[in-house]
Amino acid sequence: MSAATVPLHEIAHGRAGDKGNRLNVSVIAYSAELWPLILAQVTEDRVHDLFRHRGATRVVRYVLPNLRALNLVIDEVLEGGVNSSLNLDVHGKTNSFRVLGMPVEVPDALLPRLAAMRRG
Amino acid sequence: MADKDRFLMGCGAGFSGDRIDAPVSVVGCIARSGRPGAIMFETLAERTLALGQVARRDDPTKGYEPLLAELVGPVLPDCMRNGIPIIGNFGAANPPAAAALLRRLAREAGLPDIRIAVVLGDDIRETITLQDLEVWEGDTGLHGGTAAPTSTMVAANVYLGARQIADALLQGAQIVVTGRVADPALALGPLAAHFGWGWEDWDRLAAGTLVGHLLECGSQVTGGYYADPGYKDVPRPEAIGFPIAEVSADGSFVMTKAPGTGGLVSVRTVTEQVLYEMHDPAAYLTPDVTLDVTGIKLEEIGPDRVRVTGVRGWPLPPSLKATVSFPGDWLGEAEISYAGPNAMARARLAADVIGRRIDMRRLPVRRRLDLIGALSVFDSDQGSLALETAGELAEVRMRLAVSGAERLPVEQSLQEVLALLCCGPAGGGGMRSRVQNRIRTVSYLVPRNMVSPSVEFCA
């Protein structure tokens with residue numbers, strides 16, 4: 001089965017929040033069919049790779065099949081958070097879309113139906 | 001369960017600075033329903049309280065939410081006449097002063113005899129010594145987050161739970177003013193009081209806590225902070241209805257909003273907010289209960305109606321969390337725009353020049369340079385990501401941010417951006433800058449026996 005590479009944003013939505021120097025990002029599948037793709041491809045390592053340049057020390061992935069969602073908790077990623085960060089976004093709230101920019105592979109057969117799945 | 005047995009818990013503000021007309025539709029909806037209900041206001045971020053302490057030091061009648069009158073005033077008469085209690089942490093650093101203002105507003109509205117309660121005991125600045133407390137590592141390495149002398153504290157407040165709020169309501173309070181409490185307690189308090197939930201009825205307490213967690217950011221569960229055009233569209237985002245939870249005695253609830261308002265309530269909006277600022281979804285710690293959302297079920301049962309069931313709770317954690325604030329660093333920021341042909345190259349040159357000037361002058365600051373429009377918020381302070389600008393950008397804004405222990409070198413750094421107006425690359429304009437003294441916070445764990453919360457009714 002052939003697959004296409006698309007941003008995670010095509011198949012999932014999410015939100016970021018901070019507590020101190022720790023960030024959490026939810027990744028939520030737009031439909032049940034897309035959930036296995038997210039579970040298989042949005043791994044702790046791949047998420048860590050997106051934040052290593054900012055000094056992230058650890059990523060913990062919590063899996064919530066009841067919500068078809070992942071909760072990604074990323075440690076030491078906010079340059080000290082609101083106490084000391086020089087980043088324009090001291091809370092790191094824009095980072096949900098850094099995660100949603102991650103490339104994922106989606107089977108060709110699903111591609112024509114992605115927009116319909118997002119409409120729900 | 002019959003509709004009339006449900007309690008309507010609404011939210012009128014999700015942060016200090018929220019839309020001030022938001023509470024009107026919430027109060028109207030609860031009043032028209034003919035059912036019992038209450039409205040909460042959450043206006044207290046981590047640093048807001050320290051700012052309140054500073055304001056109170058300068059003027060003993062201040063230190064509470066600055067927009068309190070604008071936020072609560074317009075709905076105060078309707079709430080009182082319809083038996084809708086108001087619960088808010090808008091007392092911030094001075095709950096008695098906030099209560100006095102509300103008393104005055106009520107009198108002006110022809111309501112001389114309302115009962116206002118104040119929850120006290122969260123302010124532990126005078127009663128604790130930091131050496132006796134354990135630093136909480138849950139924030140993981142907030143820079144400079146280690147011990148500092150007790151004498152330099154600006155504010156020290158423990159997160160109280162829902163019990164005092166419930167007690168105040170059971171004693172007839174029509175308004176409950178708090179300082180620092182766990183945000184979800186603003187909903188759990190009225191729910192526990194109304195349904196008579198026991199303080200070891202963990203599943204019910206957890207359900208009330210999830211109600212509060214979903215409400216505490218206001219419109220973030222009804223279409224706020226959600227719109228992504230073409231992907232997740234939100235109807236009338238300029239008029240989003242703030243949330244109302246219809247809660248049953250067993251703790252199950254329906255999340256909704258007032259009819260005729262903008263925004264939306266869907267499984268997707270609720271899911272985003274369930275996980276907002278959450279770490280371990282099986283153990284969300286609050287002063288009253290440990291919340292577990294790993295077994296919850298969300299169902300769309302009608303337009304803008306999501307039913308939430310299956311919330312589990314576990315015993316409360318042994319300690320309370322306190323936020324202690326200290327004076328922090330000086331943060332300076334300055335920006336300047338470049339537009340049109342070769343804008344990117346001119347902005348990069350400007351950033352390069354600023355870096356060299358700060359080095360030449362040996363200014364003792366930590367610095368960061370951004371090219372807003374090309375790459376900023378996703379990058380590190382060192383600028384480790386590769387710029388991915390395929391073509392020329394129409395506009396770029398160069399930004400300098402500096403941090404220092406003293407104000408002067410921070411201001412001197414920003415002055416270098418101003419100097420670009422004459423000495424920098426061609427065509428720079430729109431320079432803006434600001435300096436602020438930040439507040440530094442550290443979280444501590446406080447044994448429960450060191451805290452004595454209480455309720456006082458205002459004369």
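**Close-ups of a predicted two-chain model**

**View 1. Helix α6 of chain B (residues 163–170) sits mostly under cover, with 6 of its 8 residues buried.** Buried here means 20 or more other C-beta atoms within 10 Å of the residue's own, with C-beta atoms placed from the backbone. Helices (H or I, at least four residues) and strands (E, at least two) are DSSP runs numbered from the N terminus. This is a predicted model, where local features need pLDDT of at least 70, side-chain atom pairs need 80 or more, and totals for chains, interfaces and linings use all residues. Residues count from 1 along each chain as its sequence is written, and chains are lettered from A and ligands numbered from 1 in the order written. The buried set is B:Arg163, B:Gln164, B:Ile165, B:Ala166, B:Ala168 and B:Leu169. Their cover includes β3 (86–88), β4 (116–120), β7 (175–177), α7 (185–195) and β19 (454–457) of chain B. Just past α6(B), B:Gly172 has a positive phi of about 100°.

**View 2. Chain A meets chain B through 34 residues of A and 46 of B.** Contact means C-beta atoms, placed from the backbone, within 7 Å. On the chain A side, β3 (16–19), β4 (22–29), β5 (58–64) and β6 (69–75) each chip in at least two residues.

**View 3. Helices α10 (343–360) and α11 (407–423) of chain B pack at about 135°, axes 10 Å apart.** That makes α10(B) oblique to α11(B), since oblique covers whatever is not under 35 degrees (roughly parallel), over 145 (roughly antiparallel) or 65 to 115 (roughly perpendicular). Axes are lines fitted to C-alpha atoms over the stretch in contact, and angles run from 0 to 180 degrees between N-to-C directions. B:Ala350, B:Ile354, B:Arg357 and B:Ile358 of α10(B) meet B:Ser413, B:Glu416, B:Val417 and B:Leu420 of α11(B).

Note on methods. Buried ≥ 20, exposed ≤ 12 C-beta atoms within 10 Å, placed from the backbone. Contact = placed C-beta atoms within 7 Å.
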